[in-house]
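Please work through the exercises below with the sequence and the model open beside you, and try each task before you read its solution.

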Amino acid sequence: MNPRVRFAPSPTGPLHIGGVRTALYNYLFAKKNHGTFLLRIEDTDQTRFVEGAEAYIIEAFQWLGIKFDEGVGIGGDYGPYRQSERKAMYKPYAEQLVRDGWAYYAFDTPESLDAKRKEAEAAKKTFQYDASTRMGMVNSLTLPAEEVERRLAAGEHYVVRFKYPDNIDIHVHDLVRGEVVINSSLLDDKVLYKSDGMPTYHLANIVDDHTMEITHVIRGEEWLPSAPLHVMLYKAFGWEAPQFAHLPLLLKPDGNGKLSKRDGDRLGFPVFPLQWTDPKSGDISSGYRESGYLPEAVINMLALLGWNPGNDQELMSLQELIDAFSIEKISKAGAKFSLDKAKWFNHEYIQMKSADELYPYFEKILGKKHISCNADYVKNVIDLIKDRLNFINDFWEQACYFFEAPTEYDPQALKKRWKEGTGAHLKVIDDMLMSFQPFDKQKAQDTVMQYIQDNGLNMGQILNSVRIALVGTARGPELFTMIELMGTEETHRRIQRAIEVVNL
RNA sequence: GGCGAGUUCGUCUAGUUGGCCUAGGACGUCAGAUUUUCAUUCUGAAGAUCAGGAGUUCGAAUCUCCUACUCGCUACCA
């Protein structure tokens with residue numbers, strides 16, 4: 001049977017990069033095994049619903065180039081794929097569990113539960129709704145049947161709680177961690193069905209995974225503690241459980257905690273694929289896309305954070321990742337996100353792109369500066385400066401002088417390269433350069449070099465002074481190539497201006 | 001507090017059946033080389049006694065036990 005896997009985010013805000021990796025692993029697994037990858041939206045918590053989050057999630061995967069076969073936004077035979085739209089189907093399942101003795105109605109109010117917790121806290125204990133306490137609570141286990149009926153009929157608020165069999169070992173077979181065993185007496189009677197008529201994650205995810213015929217549940221490690229509950233639920237329903245694989249966490253670059261939005265803000269890197277504006281506060285969180293990352297680079301980097309192909313290959317296309325992927329090679333320990341490595345990946349991917357491919361990105365950047373420019377010229381610039389780009393957004397910093405004459409000159413560079421008499425030499429060189437119409441790079445270079453040699457000048461000094469005139473500082477690609485690209489007119493203007501302004 | 005998981009260079013990791021590991025690669029760092037400058041690129045170096053301890057064994061990063069530390073979960077959130 002071909003596997004069916006799902007990515008099931010909650011639309012409570014922008015998609016965390018750890019979630020993206022979870023989705024990626026699901027995707028790689030599905031594609032490797034000729035399976036189906038579907039998107040399900042888990043919006044059972046109406047109080048945490050955030051406008052635009054679902055659209056954000058879909059757009060993020062579009063940008064990343066990860067395609068769902070089925071689900072929200074695509075459709076399929078197992079829909080609807082939004083849990084809010086499946087609301088009606090959960091209640092019968094909850095009732096079935098109560099009928100079969102696997103669950104019970106609980107009428108305890110949030111206030112009374114709070115009181116119990118506080119009470120326990122005062123006694124330095126923790127209150128747990130479980131086999132040891134449930135008989136002292138207000139529920140269908142302690143109330144007479146008629147009373148339960150009456151309360152239900154009267155429309156009183158209630159929740160359905162799972163009733164663990166007492167003192168049994170629950171085995172969870174995890175594909176990355178092996179066998180995990182926990183005793184039922186340590187677990188609390190989790191709420192399955194909420195008083196607002198919605199299931200909790202636990203019930204909804206089991207019902208949906210079963211009815212959607214999910215074969216493998218690949219999710220974050222934070223779900224491991226509730227996996228025993230899920231295993232028990234499958235048992236209670238008499239359903240075959242899917243295989244589980246709990247992924248290691250993505251950790252912050254420094255320290256040990258889980259990577260959070262705050263770490264991104266603090267250390268200056270995005271934690272979300274796309275930029276996100278909070279609809280309530282208006283706060284903006286940066287995204288990989290807007291920060292100048294290439295989606296291929298983000299995917300490659302993420303794939304290797306917690307998994308590796310078992311050899312030394314690090315630069316891998318999506319297809320190569322698919323071909324090499326296997327759950328067995330997923331590591332158990334959490335992985336720290338590294339900004340340096342992310343930068344390196346992105347640099348590598350930019351180098352793989354041609355000027356034609358890169359052009360649209362840079363045209364947009366120029367557009368924002370209100371610069372419209374001949375496409376061939378821009379592409380030539382790209383070829384010249386590409387290898388110094390780590391991010392798409394580095395473009396302007398690295399190439400601005402190709403589009404705007406420098407307005408000031410780096411004092412450090414001037415001090416080092418601009419000596420007495422430099423201006424006079426520049427005048428001569430300027431004339432030489434201008435004399436080639438049309439410009440002949442090789443001849444111009446030969447002529448200037450000859451001049452430098454004939455006058456016993458220092459090549460580094462002279463050429464760099466020209467460079468400062470053109471760029472504003474001592475950096476940039478090969479000088480005569482720049483001159484050729486900028487044109488003699490522009491070169492002339494810049495040299496003249498530099499002589500005037502620096503005036504030494 | 002309870003429960004669970006994890007622990008190889010600063011970071012990501014290789015190491016799957018114990019011996020070719022005097023622990024390999026990548027990022028980062030440092031040093032050289034190339035270049036008219038900067039960046040790129042290239043070469044090289046430093047960097048882990050495999051969390052610690054005990055044991056099994058001729059031999060352990062790899063097996064067993066104990067300890068420590070870190071993280072996760074502990075809601076009518078997912």
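A polar contact is a pair of N or O atoms within 3.5 Å; within protein, one must be able to donate a hydrogen and the other to accept it, and residues adjacent in sequence count only if both atoms are side-chain atoms. This is a predicted model, in which local features need pLDDT of at least 70 and side-chain atom pairs count only at pLDDT 80 or more, while totals for chains, interfaces and linings use all residues. Residues are numbered from 1 along each chain as its sequence is written, chains are lettered from A and ligands numbered from 1 in the order in which they are written, and side-chain values use heavy atoms, with hydrogens and water left out.

**Exercise 1.** Find which atoms of L304 and S331 approach RNA strand B, and which oxygens they approach.

Solution. Start with L304, where a backbone N or O atom lies 3.1 Å from a sugar or linking oxygen of RNA strand B. Then turn to S331, where a polar side-chain atom lies 3.3 Å from a phosphate oxygen of that strand.

**Exercise 2.** Determine how many residues surround RNA strand B, and which are the closest.

Solution. Counting residues with a heavy atom within 4 Å of the strand, one finds 60, and the closest are K194, E314, R388, G476 and E478. Next consider the RNA side: of its atoms within 4 Å of the protein, 74% belong to sugar or phosphate, and the rest to bases.

**Exercise 3.** Identify which helix supplies the largest share of this surface.

Solution. With helices taken as DSSP runs (H or I, at least four residues) numbered from the N terminus, the answer is α18, which contributes five residues.

Terms used
Helices (H or I, at least four residues) and strands (E, at least two) are DSSP runs, numbered from the N terminus.
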